[in-house]
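Hi,

Here is the structure I said I would pass on. Have a look at it first, and my notes on what turned up follow below.

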Amino acid sequence: MSAARVGIGRDLHRLKRGRRFLMAGIALPARRGQLGHSDGDALAHAVCDALLGAAALGDIGAFFPPSDPRWKDADSMELLRMAFARVKEAGWRLVNLDCTVSCEEPKILPFRDAIRESLALALETGPENIFVKGKTGEGLGDIGRGRAVEALAVCLLEKREK
Ligand code: MG
């Protein structure tokens with residue numbers, strides 16, 4: 001019998017005019033984009049935490065501390081690939097990943113397949129093992145006012161047979 005573990009990740013980023021809106025490395029058309037020490041790709045960060053958490057290896061803050069100038073304006077998909085490399089080294093492979101992104105704009109649906117492909121490429125699996133859903137904030141709170149984007153991710157890892 002092989003071991004399996006679930007992991008959860010969440011991230012929230014402020015949105016500001018003049019910044020790119022990135023979702024798993026895909027730049028989406030929006031009036032505002034994420035503020036962050038890195039490129040602010042909230043979905044990539046949430047997925048990192050889900051993977052690292054499932055493998056009990058740490059979290060994104062420990063792996064890539066914002067106090068470290070190396071990660072200033074970092075490509076978060078590169079951080080995700082680095083985190084996944086550690087997860088693989090520990091003997092895990094990804095079974096599936098399910099994500100929800102909450103923001104007022106842009107609409108995620110037209111870009112869903114591109115986002116799934118991007119995550120699938122980074123996580124060395126097929127897009128059929130990855131899903132991404134878009135929600136709005138219903139006009140409520142900072143997400144509803146277009147001031148923030150939130151990403152949630154849940155993953156299942158399986159121990160590779162030796
Ligand atoms: Mg973040």
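The donor residues of the magnesium ion follow the spacing D-x1-H-x31-H in sequence. In this predicted model, the ion is held by D11 through OD, H13 through NE2 and H45 through ND1, at 2.2 Å. What I like here is how the site ties the chain together: D11 sits in strand β1 (residues 4–17) and H45 in helix α1 (residues 42–54), so the pair links distant parts of the chain, 34 residues apart.

Are those two donors buried or exposed? D11 has a relative accessibility of 16%, and since anything under 20% is classed as buried, D11 falls in that group. H45 counts as buried too, at 7% relative accessibility.

H45 also turns up in the next feature, the largest pocket. Its space comes to about 210 Å³. The lining is made up of 15 residues, and those nearest the centre of the pocket are S38, H45, I60, F64 and P66. Which elements give two or more residues to that lining? They are β1, α1 and α2 (60–63). So β1 and α1, which carry D11 and H45 of the magnesium site, come up again in the pocket wall. By residue type, the lining splits into six nonpolar, six polar and three charged.

F64, one of the residues nearest the pocket centre, leads on to the aromatics. How many aromatic pairs does a search of the whole structure find? There are two. In one of them, F63 and F64 are tilted, with 6.1 Å from centre to centre and 55 degrees between the planes. In the other, F64 meets W71: the ring centres are 4.9 Å apart, and because the planes are at 85 degrees, where anything over 60 is classed as edge-to-face, the pair is edge-to-face. Taken together, the ring pairs join F63, F64 and W71 into a cluster.

Both partners in the F64 and W71 pair are buried: F64 has a relative accessibility of 8%, and W71 has a relative accessible area of 11%.

If you open the model, I would begin at H45, which is both a magnesium donor and one of the residues nearest the centre of the largest pocket. From there, go on to F64, which is on that same list for the pocket and belongs to the ring cluster with F63 and W71.

Cheers

Definitions and conventions: Residues numbered from 1 in each chain as written. Predicted model: local features only at pLDDT ≥ 70, side-chain atom pairs only at ≥ 80, totals over all residues. Heavy atoms only, no water. Donors = N, O, S within 2.8 Å, 3.2 Å for Na, K, Ca; no water. Helix = DSSP H or I, 4+ residues; strand = E, 2+ residues; numbered from the N terminus. Buried < 20%, exposed > 50% of the residue type's maximum accessible area, 1.4 Å probe, protein only. 1 Å grid on protein atoms, 1.4 Å probe; cavity = no way out; pocket = protein on both sides within 12 Å on 5 of 7 lines; lining within 4 Å. Points joined across faces, edges and corners; volume = space filled by probe spheres on them. Nonpolar A, V, L, I, M, F, W, Y, C, P; charged D, E, K, R; others polar. Phe/Tyr/Trp six-rings, centres within 6.5 Å; stacked < 30°, edge-to-face > 60°.
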